[in-house]
Amino acid sequence: MSDDYLVRIGKLIRDARQHRGWTQTQLAEALGTSQSAVNRIERGNQNLSLEMIARIGEALDSEIVSLGYAGPMHLRVVGGRRLSGAIDVKTSKNACVALLCASLLNKGRTVLRRVARIEEVFRLLEVLASIGVRTRWINDGGDLEIVPPADLDLDAIDAEAARRTRSIIMFLGPLMHRTDRFKLPYAGGCDLGTRTVEPHMIALRRFGLDVTATEGHYHAVVDRSISPGRPIVLTERGDTVTENALLAAARHDGVTVIRNASSNYMVQDLCFFLEALGVGVEGIGTTTLTVHGVPNIDVDVDYSPSEDPVEAMSLLAAAVVTESELTVRRVPIEFLEIELAVLEEMGLDHDRSPEYVADNGRTRLVDLTVRPSKLEAPIDKIHPMPFPGLNIDNVPFFAAIAAAAQGKTLIHDWVYDNRAIYLTDLNRLGGRLQLLDPHRVLVEGPTRWRAAEMMCPPALRPAVVVLLAMMAAEGTSVLRNVYVINRGYEDLAERLNSVGAQIETFRNI
């Protein structure tokens with residue numbers, strides 16, 4: 001390898017190690033080598049075999065180089081371009097994965113319309129196929145058909161695919177109705193720090209599900225004699241926790257009351273889907289859900305998940321940071337009203353169409369047009385709250401927006417252990433972000449963005465925020481290993497290009 005390539009590979013390894021939160025010594029221990037050897041590798045002063053590069057990539061859970069077409073995807077971004085025209089919001093990633101898990105409740109045929117073709121969905125489809133569920137794309141690949149077998153082959157589960165998605169934990173609720181004993185690989189997905197699964201276990205124990213976590217698996221045993229005799233109070237108002245409780249209650253023979261439930265968009269979509277299966281759900285959109293379970297579900301069902309409010313926020317942020325006039329169509333307004341109120345306070349110039357109904361017949365949509373605006377930092381800090389508060393997943397986009405505003409903005413991301421740290425990657429693109437602690441970042445604007453080459457953060461929303469900043473920066477930037485973006489967004493680069501961006505995908509070092 002040439003010296004130049006060794007330096008570039010070393011830089012990528014260093015970035016991947018730092019994103020993992022490891023020291024050089026920790027990486028050396030994982031590789032069975034010395035800290036000084038790792039230091040030489042990262043400085044480009046060490047010859048590397050392809051075997052060693054592969055070992056480093058495995059240790060850091062990051063594909064460092066591309067060997068052939070199947071290697072990691074990168075983005076080359078020519079920034080400083082204005083966006084224009086209109087772009088549609090795709091269906092909700094989080095709703096789609098919940099509905100895929102919920103399809104295991106049904107013995108009949110499930111058709112989901114306009115399913116997001118994203119890596120998170122693909123991983124779940126691999127898991128479903130491995131246990132015997134037949135899935136196929138229909139209607140020119142726009143819709144997804146799911147047909148379960150009479151008996152699931154859980155011993156054949158694709159562990160590698162399961163570990164690459166956190167959504168696998170939502171198999172617990174449906175599977176407890178199919179068998180008395182099973183195991184699932186540990187949940188994976190974004191690297192956002194330790195997010196305990198204990199709230200799931202507290203809720204599911206009330207239905208007789210006991211789970212122990214050992215040797216990389218959740219080992220589940222179901223005691224059919226146990227039934228929730230009083231309302232279930234969730235210890236955290238989490239989206240997936242609420243969904244798991246709903247999935248457990250859906251086929252429980254009786255009435256289950258779930259309190260402190262999330263009323264967020266993906267939970268509402270799941271409730272609408274359960275109603276289509278014949279399950280009664282009262283209190284949709286509130287924090288108390290009453291579920292009238294159906295012990296046996298065998299129906300052919302056709303359902304259209306609603307649009308993704310977080311993707312809508314991404315597209316709005318893209319218009320703001322590139323100082324563009326852009327119309328974002330099919331925005332689920334109920335789940336963006338707080339965000340828009342904050343942006344209005346900051347001075348955002350925008351208007352919205354009259355409301356219309358999504359394909360699920362329930363969710364309210366609008367078209368939003370955003371124009372170049374002179375933004376001022378908000379008086380109050382930006383912090384998430386359970387719905388109807390500012391969405392947890394929308395907080396990172398305010399880092400890029402605040403960087404475009406005049407003044408200082410405090411962002412308090414109290415939910416995740418280290419997502420705020422990833423936001424400081426914007427400093428490599430000219431941002432002025434000061435990390436106050438693992439949860440708080442002070443953003444100073446306005447920002448003169450500059451081009452850079454860097455590794456993609458391992459968390460979905462911060463990764464997209466970096467991409468948006470690159471779109472605003474004059475010159476050519478490179479964002480390497482964007483698998484995490486593909487987990488949550490369908491053809492994002494191509495769709496942004498359709499409204500004026502210049503983003504190229506490539507697969508080499």
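**A friendly note on a sheet, a helix pair and two buried residues**

1. Let's start with a pairing of strands: E1, covering residues 74-79, runs antiparallel to E23, and the two are joined by five bridges. Please keep in mind as you read that this is a predicted model. To find one of these links for yourself, go to Leu 75, whose bridge partner in E23 is Thr 505.

2. What is the order of the strands in the open sheet? Reading across, you meet E21, then E22, then E1, then E23, which makes four strands with mixed pairing. As a reminder, strands of a sheet pair through backbone hydrogen bonds, and they can do this in a parallel or an antiparallel way.

3. Which strands stand at the edges? They are E21 (453-455) and E23 (502-506). Each has a single partner strand, so one side of each has no neighbour in the sheet. If you look along the sheet, the twist from one strand to the next averages 20°.

4. Now for a pair of helices. Two packed helices are described by the angle between their axes and by the distance between those axes. For H10 (residues 239-250) and H11 (residues 265-276), the angle is about 10° and the axes are 9 Å apart. Because angles under 35 degrees count as roughly parallel, H10 is roughly parallel to H11. The crossing of H10 and H11 is right-handed.

5. Which residues make this helix contact? H10 brings Asp 239, Thr 242, Glu 243, Leu 246, Leu 247 and Ala 250, while H11 brings Met 266, Val 267, Leu 270, Cys 271 and Leu 274. Sorted by character, the residues of the contact between H10 and H11 are eight nonpolar, one polar and two charged.

6. Next, try Thr 290, which you will find in strand E12 (residues 288-292). Is Thr 290 buried or exposed? Its relative accessible area is 17%, and under 20% counts as buried, so Thr 290 is buried. Setting aside neighbours within four places in sequence, Thr 290 is in contact with Val 255, Thr 256, Val 257, Gly 280, Val 281 and Glu 282.

7. Finally, have a look at Tyr 483 in helix H17 (residues 483-488). Tyr 483 is buried too, because its relative accessible area is 18%, below the same 20% limit. Apart from neighbours within four places in sequence, Tyr 483 is in contact with Glu 119, Arg 123 and Arg 164. Tyr 483 and Met 73 are 410 residues apart along the chain, yet their C-alpha atoms are separated by 6.7 Å.

Definitions and conventions
Residues numbered from 1 in each chain as written. Predicted model: local features only at pLDDT ≥ 70, side-chain atom pairs only at ≥ 80, totals over all residues. Heavy atoms only, no water. Axes fitted to C-alpha atoms, helices over the stretch in contact; angles between N-to-C directions. Parallel < 35°, antiparallel > 145°, perpendicular 65-115°, else oblique. Left-handed = near helix turned anticlockwise from the far one by under 90°. Contact = heavy atoms within 4.5 Å. Nonpolar A, V, L, I, M, F, W, Y, C, P; charged D, E, K, R; others polar. Pairing = 2+ DSSP bridges. Buried < 20%, exposed > 50% of the residue type's maximum accessible area, 1.4 Å probe, protein only.
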